[in-house]
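Work through the exercises below with the sequence and the 3D view at hand. Each task is followed by a worked solution.

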Amino acid sequence: MGRQPILIALMGGECTGKSSLAQALAEQFDAIVVDEYLRTFVQQHHRAPRQDEQAQIMARQSEDEQRSCEQARTQGIGVVISDPSPAMTAIYSQLYFGDDSLLPSAVDQLHRPGSLTVWCDDDLPWTPDGNQRDGIDFRQAAHRFIAQLLESHELPALLVSGSIEQRAAQIVESLATLD
């Protein structure tokens, strides 16, 4: 059994490079990526989730993250990347439904020891993705809300910007200070 892996929890609105960054980091670190359960939900149900389904989606993302961390620990893998952090479900629930009931759990998750919360800036060009994305205005609203959440709860996060390669380099530099 190995030591506990570092969890890199990605946050950011739509089209902020989270998935591309997760894949780049996975290749660089030979890491496990926890894919977004929300995407799986939408594909399985052919619709966006309702307000009453948000807690289940957040819980599933968190469970997948925990399972991946345990798998990484037993296999001696040093990094797990959550794409995105389960906290993003709480943020989306607030933005879509005005429901803040999941935010306390999200704040708790972002305080976890041994993790690095990475906030992806909204400086990448907007790219439509069929019916999966809500638009640049929603991305900007998510960015503002994340900033407010992090600041109001004094949550540490690494804001990364620039190209995917530049973002990955910023994370690698930050991880070097954790050791």
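## Exercise 1: Strand β1 and its partners

Strand β1 (residues 6–11) is mostly covered, with six of its six residues buried. The model is a predicted one.

**Task.** State which residues lie on each face of β1, and find the bridge partners of Leu 7 in β3 and in β4.

**Solution.**

1. Take the faces of β1 in turn: Ile 6, Ile 8 and Leu 10 are on one side, and Leu 7, Ala 9 and Met 11 are on the other. Both faces are covered, and each of these residues is buried.
2. Look at the pairing with strand β3 (residues 79–82): β1 and β3 are parallel and share four bridges. Here Leu 7 stands opposite Val 80, and Ile 8 stands opposite Ile 81.
3. Turn to strand β4 (residues 115–120), which pairs with β1 in the parallel sense over five bridges. In β4, Leu 7 has Ser 115 as its bridge partner.

## Exercise 2: Strand β3

**Task.** Describe which way the residues of β3 point and how β3 is joined to β2.

**Solution.**

1. Sort the side chains of β3: Val 79 and Ile 81 point one way, while Val 80 and Ser 82 point the other way. All of them are buried.
2. Find the link to strand β2 (residues 32–34): three bridges join β2 to β3, and the two strands run parallel.
3. Identify a bridge in this pair: the partner of Val 33 in β3 is Ile 81. Ile 81 also stands opposite Ile 8 of β1.

## Exercise 3: Cysteines

**Task.** Determine how many disulfides the model holds.

**Solution.**

1. Apply the cut-off: a disulfide is a pair of cysteine sulfur atoms within 2.5 Å.
2. Check Cys 15: its closest cysteine sulfur, in Cys 120, is 11 Å away, so the distance is too far for a bond. Cys 15 is buried, with a relative accessible area of 12%.
3. Check Cys 69: the nearest cysteine sulfur is that of Cys 120, 18 Å away, and Cys 69 is in no disulfide. Cys 69 counts as buried at 11% relative accessibility.
4. The count is zero disulfides.

## Exercise 4: An aromatic pair

**Task.** Classify the pair formed by Tyr 92 and Tyr 96, and say how far apart they are in helix α4.

**Solution.**

1. Begin with the whole structure, where a search finds four aromatic pairs.
2. Take Tyr 92 and Tyr 96: their ring centres are 6.4 Å apart and the angle between the planes is 55°. Planes under 30 degrees apart count as stacked and those over 60 as edge-to-face, so the rest are tilted. The pair of Tyr 92 and Tyr 96 is tilted.
3. Place the pair in the chain: Tyr 92 and Tyr 96 are four residues apart in helix α4 (residues 87–97), and so are separated by about one helical turn.
4. Compare the accessibility of each: Tyr 92 counts as buried at 9%, whereas Tyr 96 is partly exposed at 42%.
5. Widen the view: Tyr 92, Tyr 96, Phe 97 and Phe 138 form one aromatic cluster.

## Exercise 5: A cavity and a pocket

**Task.** Give the volume of the largest cavity and of the second largest pocket, and describe what lines each of them.

**Solution.**

1. Start with the cavity: the structure holds one of 30 Å³ or more, and the largest cavity has a volume of about 40 Å³.
2. List its lining: Glu 36, Tyr 37, Leu 38, Gln 61, Pro 84, Ser 85, Met 88, Thr 89 and Tyr 92. By type, the lining has five nonpolar, three polar and one charged residue.
3. Assign the helices: α2 (37–45) and α4 each supply at least two residues of this lining, and α4 has the largest share, with three residues.
4. Move to the second largest pocket, which holds about 160 Å³ of space. Its lining includes Leu 7, Cys 69 and Ser 115.
5. Find the main contributor: helix α3 (residues 54–75) gives the most to the lining of this pocket, with four residues.
6. Divide the pocket lining by type: four residues are nonpolar, six polar and two charged.

Note on methods. Residues numbered from 1 in each chain as written. Predicted model: local features only at pLDDT ≥ 70, side-chain atom pairs only at ≥ 80, totals over all residues. Heavy atoms only, no water. 1 Å grid on protein atoms, 1.4 Å probe; cavity = no way out; pocket = protein on both sides within 12 Å on 5 of 7 lines; lining within 4 Å. Points joined across faces, edges and corners; volume = space filled by probe spheres on them. Nonpolar A, V, L, I, M, F, W, Y, C, P; charged D, E, K, R; others polar. Buried < 20%, exposed > 50% of the residue type's maximum accessible area, 1.4 Å probe, protein only. Phe/Tyr/Trp six-rings, centres within 6.5 Å; stacked < 30°, edge-to-face > 60°. Pairing = 2+ DSSP bridges.
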